[in-house]
Amino acid sequence: MRIAMIGTGYVGLVSGACFSEFGYHVTCVDKDERKIAALLAGKMPIYEPGLEDLVANNVRGGRLEFTTDLAGPVSGADAVFIAVGTPTDRRGEGYADLTYVFAAAEEVAQHLRDYTVVVTKSTVPVGTGRKVHKIISEKAPRADFDVASNPEFLREGAAINDFMRPDRVVVGAETDRARAVLRDLYRPLFLNETPILMSGLETAELTKYAANAFLATKITFINEIADLCEATGADVQEVARGIGLDGRIGKKFLHAGPGYGGSCFPKDTLALVAQGKDANAPQRIVETVVAVNDERKVQMANRIVAACDGSVRGKTIAVLGLTFKPNTDDMREAPSLDIVPALQKNGATVRAFDPEGMAEAKKHAELAGTVFCDNAYDTMQGADAIVILTEWNEFRSLDLARAKSLLRTPVLIDLRNIYRPEDVVAAGFSYTSVGRRPASPPKRPRSVSAVG
Ligand code: UGA
């Protein structure tokens, strides 16, 4: 089985490397010459745990190749995956920009030889598969091909595991031949009994959006419950556990925090809303989720200001974590991109550190003026408060005594709830987290008055 993977972004590179690990021959194609040159030199364009070794092993085994020219890989492939970007259209309204998908389809059409399945792996709006089919048919009327949809459900930071041990594989295909090719491709997963869901093109395309929108809704729901917990003295982590143990609800994606970010949820929720409008089937819940999540970031900046006695003017804030989540260097739609500028606008100096995201962070104009530091403790030098924005493991067990000695005032604002309030308060900090009751300062032993 030979695969051509068009696009070496997150999805294309991880999927390509994982398919080669299954034993197939994979050629990853990208127009970006610098990226391909770097990949050929063994350098990964993204930080993803385990990816570098996976790529190196399969390149060494002769199963994984990289090139800028799609002609050869496409003409020899059983399956061509289109895994190029589908960013939000710059004209606004949330539509996905399909320029790269359609351009890839046109180019693929020119090189198809024997029967090939052209698979869209990029997240594409309902109806895109049929448009891709039309483009290829018009460009290459005699080509022997089918179009299939095979959305991915990989999480950044856990992408390889998600590919190798998925909850399910979703395939939209409309001929037996196409279904057989896709089934063969995923045969290695039969061993661990992964459900392979076969459906029509539209169903597969919509399943992807519905999954991301549902997860974004779950996060937004628990974030609003966290607000109610704070107002009523309840504890959001206990509420999340209390509802999550109900099998119908499930424990995952119930961590309250500063709002979801990343390259997928923000873009895909907007695109689903736009599709709903077009189809006259408004997605009002998801519309609200988008608005509530946007507001959340502003609220988080206000929370930091409140924790600093109502003003950050002239104060220094030590920000730990800039990426939208841990184990990635991805800064796209990260809450830090809203929260840091809001603090600066309120007159604060921000000192920041992220274990993997510094290079990416420095490219973002929103973070201009930030003092980028070498490590967590370096951010704290003379700062008035620490803010945890991303739950990297190395921030989970800070030396609080050392932190206190570096800070001007011992204030910790933990927007990911990675500390136990009583521990932080016992270390002499004023502690603010999300959806949890503030811990009261440790009680002093009461002096016993002598009975005379
Ligand atoms: C998400 C989906 O989880 C993947 O299944 C999907 O394949 C991917 O989008 C995609 O469409 O490509 P990802 O964006 O990598 O994956 O990250 P998540 O782990 O889902 O986190 C997204 C955001 O939600 C992060 O900002 C994270 O901090 C936040 N989050 C997540 C919470 O605030 N609370 C939670 O309980 C879970």
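## Polar contacts of the ligand

In this predicted model, a polar backbone atom of F153 lies 3.0 Å from an oxygen atom of the ligand. The residue E152 also takes part, with a polar side-chain atom 2.8 Å from an oxygen atom of the ligand. For R416, the separation between a polar side-chain atom and an oxygen atom of the ligand is 2.9 Å. The protein buries 92% of the 710 Å² that the ligand exposes when taken alone.

## The shell around the ligand

There are 19 residues around the ligand, and those that come nearest are L154, E156, K208, N212 and C264. By character, the shell consists of 9 nonpolar, 7 charged and 3 polar residues.

Two helices, α9 (201-232) and α11 (265-278), each contribute at least two residues to this shell. The largest contribution is that of α9, which supplies 3 residues.

## Two domains and the place of the ligand

The domain assignment of the protein gives domain 1, covering residues 2-199, and domain 2, covering residues 297-432. In their contact, 8 residues come from domain 1 and 8 residues from domain 2. The centres of the two domains, taken over C-alpha atoms, are separated by 38 Å.

Where does the ligand lie with respect to domain 1 and domain 2? Both domains give residues to the shell around the ligand, and therefore the ligand lies between them.

## The area buried between the domains

About 600 Å² is buried between domain 1 and domain 2, and carbon and sulfur atoms give 43% of this area. Which three residues supply the most of the area that domain 1 buries against domain 2? They are Y47, E156 and G157, which together account for 81% of that area, more than any other three residues. One of them, E156, is also listed among the residues that come nearest to the ligand.

## The ends of helix α2

Helix α2 spans residues 33-40, and at its start a side-chain oxygen of D32 reaches to within 3.1 Å of the backbone nitrogen of R34. After α2 comes G42, a residue with a positive phi, near 85°.

## Summary

The ligand lies between domain 1 and domain 2, with 92% of its exposed area buried by the protein. Its polar contacts include those with a backbone atom of F153 and with side-chain atoms of E152 and R416. Of the helices, α9 gives the most to the surrounding shell.

Key:
Residues are numbered from 1 along each chain as its sequence is written. This is a predicted model: local features need pLDDT of at least 70, side-chain atom pairs count only at pLDDT 80 or more; totals for chains, interfaces and linings use all residues. Side-chain values use heavy atoms; hydrogens and water are left out. A residue is near a molecule or strand if one of its heavy atoms lies within 4 Å of it. A polar contact is a pair of N or O atoms within 3.5 Å; within protein, one must be able to donate a hydrogen and the other to accept it, and residues adjacent in sequence count only if both atoms are side-chain atoms. Accessible areas come from the Shrake-Rupley method with a 1.4 Å probe; for residues, only the protein chains shown count as cover. Helices (H or I, at least four residues) and strands (E, at least two) are DSSP runs, numbered from the N terminus. Ala, Val, Leu, Ile, Met, Phe, Trp, Tyr, Cys and Pro count as nonpolar, Asp, Glu, Lys and Arg as charged, and the others, Gly among them, as polar. Domain bounds come from an automatic or database domain assignment. Contact means heavy atoms within 4.5 Å. Buried area is the accessible area (1.4 Å probe) that two parts lose on being put together, summed over both.
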